[in-house]
Amino acid sequence: MKKIEVSELNDNVFTTIGKEWMLVTAGTKDKFNMMTASWGCLGWLWNKPVAVMFIRPERYTHEFIESQDCVNLVFLGQSEKARQAYAFCGSKSGRDHDKARECGLTPCSTENGSVSFEEARLTLECRKIYKTQIRPEEMTDKTIGQWYGGAKGGLHDVYVMEITSVSVAE
């Protein structure tokens, strides 16, 4: 992986997040978990480059995010292997599966001591700087409530994270 400045990113974030998807990883190379996400934001806030992630507290990865200062957003691309990994990591729990092994992903440590994968095309290393929760009483458009409850799951915790490092495949 090669380090670049965040300003050098050329990805269309709507495609990258909404169509490609990503793995949200937290923990250390020895003990970590990851989950697939297709919701998130990248931008500029508080004079910092940031990522905004939405994680349901019932997800196993949430425990790792809560216990660490750093979280990585890992993009594998759109190959068939990547699509299979995203599908698996989004539907299976790390409580019951060794997701990396079952998806053929090779964990590696990043500069901040957290986890990415050798197969990544892009890794955003992030540091948590703010957390809140989605609350139904603050939904000004009540139709977004359709994404919550029952089989869809609980309300998301919202994390604003400073992007501290960007690595791309060479």
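How many positive and negative side chains does the protein have, and how far apart do the centres of the two sets lie?

**Exercise 1. Work out the charge count.**
Solution. The model is predicted. Step one: count the side chains. There are 21 positive and 23 negative ones. Step two: locate the two sets. Their centres lie 4 Å apart.

**Exercise 2. Describe the fold and judge how compact the protein is.**
Solution. Step one: list the elements. The protein has 4 helices and 10 strands. Step two: put them in sequence order. The pattern reads β-α-β-β-β-β-α-β-α-α-β-β-β-β. Step three: compare with the globule rule. The radius of gyration is 15 Å, close to the 15 Å that the rule gives for 170 residues, so the protein is as compact as a globular protein of that length. Step four: add the extent. The C-alpha trace spans about 45 × 40 × 30 Å along its principal axes.

**Exercise 3. Characterise the interior, the contacts and the surface.**
Solution. Start with burial: 44% of the 170 residues count as buried. Turn to contacts with a separation of 6 or more. Residues 24 or more positions apart account for 72% of them. Finish with the surface. The accessible area comes to about 9,000 Å², and carbon and sulfur atoms hold 51% of it.

**Exercise 4. Place Thr110 and decide whether it is buried or exposed.**
Solution. Step one: find it. Thr110 sits in the loop between strand 7 (107-109) and strand 8 (115-117). Step two: apply the cut-off. Buried means under 20% relative accessible area. Thr110 has 14% relative accessibility, so it counts as buried. Step three: check its partners. The Thr110 side chain makes a polar contact with the side chain of Asn112 (2.8 Å). Beyond neighbours within four places in sequence, Thr110 is in contact with Asn72, Val115, Ser116, Thr123 and Glu125.

Methods: Residues are numbered from 1 along each chain as its sequence is written. This is a predicted model: local features need pLDDT of at least 70, side-chain atom pairs count only at pLDDT 80 or more; totals for chains, interfaces and linings use all residues. Side-chain values use heavy atoms; hydrogens and water are left out. Helices (H or I, at least four residues) and strands (E, at least two) are DSSP runs, numbered from the N terminus. The radius of gyration is taken over C-alpha atoms; the globule rule is 2.2 Å times the number of residues to the power 0.38. Buried means under 20% relative accessible area, exposed over 50%, partly exposed in between (1.4 Å probe, protein chains only). Contact means heavy atoms within 4.5 Å. Accessible areas come from the Shrake-Rupley method with a 1.4 Å probe; for residues, only the protein chains shown count as cover. Lys and Arg count as positive and Asp and Glu as negative; His and the chain ends are not counted. The place of a charge is taken as NZ of Lys, CZ of Arg, CG of Asp or CD of Glu. A polar contact is a pair of N or O atoms within 3.5 Å; within protein, one must be able to donate a hydrogen and the other to accept it, and residues adjacent in sequence count only if both atoms are side-chain atoms.
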